[in-house]
Amino acid sequence: MRFRVGDRASYTQTLSEAHVALFVGAVGDTNPLHVDEAYAKRSRFRGRIAQGILVAGLISTVIGTKLPGVGAIYLSQTLRFLKPTYLGDTITATAIVKAVREREKGGYVLTLETFCENQRGERVIEGEAVVLYEEPEGQAP
């Protein structure tokens, strides 16, 4: 079998002003907690935070590029937002295989533990993904 329980992969990125601005442009989330420093400083966060879904998007990067990689498609993803992510935080998104099922039609369905941690090793997001994986055309397993 190509995938085994316990297989894992990660992706790390430092979140910047540019990431937030591009995300705002893509989806329109202009909540002042994300875009207005003066407003955010008066909030319980004491500064601007990145959108939770932007941070969770790093999990998608792991799934689409590393584990299982090209050919993967989301079936579901649960998320629990545990701590804020501030601009300048370095986030590592990780996926770990919890279960693998081979499909009769080919490919696999994988259940993945997913989480994001900041540079202090604190979990900021955790959840579970279920993904369908089929080998891209012309690629051997």
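1. Phe3, Tyr108 and Tyr133 form one aromatic cluster. The model is a predicted one, and the points below describe that model. The structure holds two aromatic pairs. In one of them, Phe3 and Tyr108 meet edge-to-face, with 5.4 Å centre to centre and 90° between the planes. That pair links distant parts of the chain, since Phe3 sits in the segment before β1 and Tyr108 in strand β4, 105 residues apart. Phe3 and Tyr108 are both buried.

2. The pair of Phe3 and Tyr133 is also described as edge-to-face, because the ring centres are 5.3 Å apart and the planes stand at 85°, over the 60 degrees that this class requires. Tyr133 belongs to strand β5 and Phe3 to the segment before β1, so this pair ties together parts that are 130 residues apart in sequence. Both Phe3 and Tyr133 are buried.

3. On the overall layout: the chain has four helices and five strands. Read from the N terminus, the order of elements is β-α-α-α-α-β-β-β-β. The C-alpha trace spans about 55 × 30 × 20 Å along its principal axes. Of the 141 residues in the chain, 37% are buried. Among contacts between residues at least 6 apart in sequence, 65% join residues at least 24 apart.

4. Helix α4 covers residues 52-65. Its 14 residues should span 20 Å at 1.5 Å a residue, and the end C-alpha atoms are 21 Å apart, which agrees. The buried residues in α4 are Leu54, Val55, Ala56, Leu58, Ile59, Val62 and Ile63. An α-helix has 3.6 residues a turn, so residues three or four places apart point the same way. The cover over the buried residues of α4 includes β1 (8-14), α1 (17-27), β2 (72-81), β3 (90-102), β4 (108-117) and β5.

5. Ile59 lies in α4 and serves as an example from that helix. Ile59 counts as buried because its relative accessibility is 1%, and the cut-off for buried is under 20%. Setting aside residues up to four places away in sequence, Ile59 touches Tyr74, Gln77, Leu79, Ala93, Thr114, Phe115, Cys116 and Ile125. Asp36 is 23 residues from Ile59 along the chain, and the C-alpha atoms of the two are separated by 26 Å.

6. Helix α2 (residues 32-35) includes His34 and Val35. Is His34 buried or exposed? His34 counts as buried, because its relative accessibility is 7%. Val35 counts as partly exposed because its relative accessibility is 37%, a value between the 20% and 50% cut-offs.

7. The contacts of these two residues, with neighbours within four places in sequence left aside, are as follows. His34 is in contact with Val20, Asp29, Arg48, Ile49, Ala50 and Gln51. Val35 is in contact with Val24, Thr30 and Arg48. Arg48 thus appears as a contact of His34 and of Val35. The C-alpha atoms of Val35 and Ala21, which are 14 residues apart along the chain, are separated by 8.0 Å.

8. Ala40 is found in helix α3, residues 37-41. With a relative accessible area of 0%, Ala40 is buried. Apart from residues up to four places away in sequence, Ala40 touches Pro32, Leu33, Phe45, Arg46, Gly47 and Arg48. Arg48 is therefore a contact of Ala40 as well, by the criterion of heavy atoms within 4.5 Å.

9. The largest pocket has a volume of about 190 Å³. Its lining comprises 15 residues, and those nearest the centre of the pocket are Ile49, Phe81, Lys83, Pro84 and Thr85. By class, the lining has nine nonpolar, four polar and two charged residues. Which elements each supply at least two residues of this lining? They are α4 and β5 (123-133).

10. Some residues recur across these points. Ile49 lies among the residues nearest the centre of the largest pocket and is also in contact with His34. Strand β5 contributes to the lining of the pocket, holds Tyr133 of the aromatic cluster, and is part of what covers the buried residues of α4.

Key. Residues are numbered from 1 along each chain as its sequence is written. This is a predicted model: local features need pLDDT of at least 70, side-chain atom pairs count only at pLDDT 80 or more; totals for chains, interfaces and linings use all residues. Side-chain values use heavy atoms; hydrogens and water are left out. On a 1 Å grid over the protein atoms alone, a cavity is a set of points where a 1.4 Å probe fits but cannot get out, and a pocket is an open set with protein on both sides within 12 Å along at least five of seven lines; lining residues have an atom within 4 Å of a point. Grid points are joined across faces, edges and corners, and a volume is the space filled by probe spheres set on the points. Ala, Val, Leu, Ile, Met, Phe, Trp, Tyr, Cys and Pro count as nonpolar, Asp, Glu, Lys and Arg as charged, and the others, Gly among them, as polar. The expected span of a helix is 1.5 Å times one less than its number of residues. Buried means under 20% relative accessible area, exposed over 50%, partly exposed in between (1.4 Å probe, protein chains only). Rings of Phe, Tyr and Trp (its six-membered ring) pair if their centres lie within 6.5 Å; planes under 30 degrees apart count as stacked, over 60 as edge-to-face and the rest as tilted.
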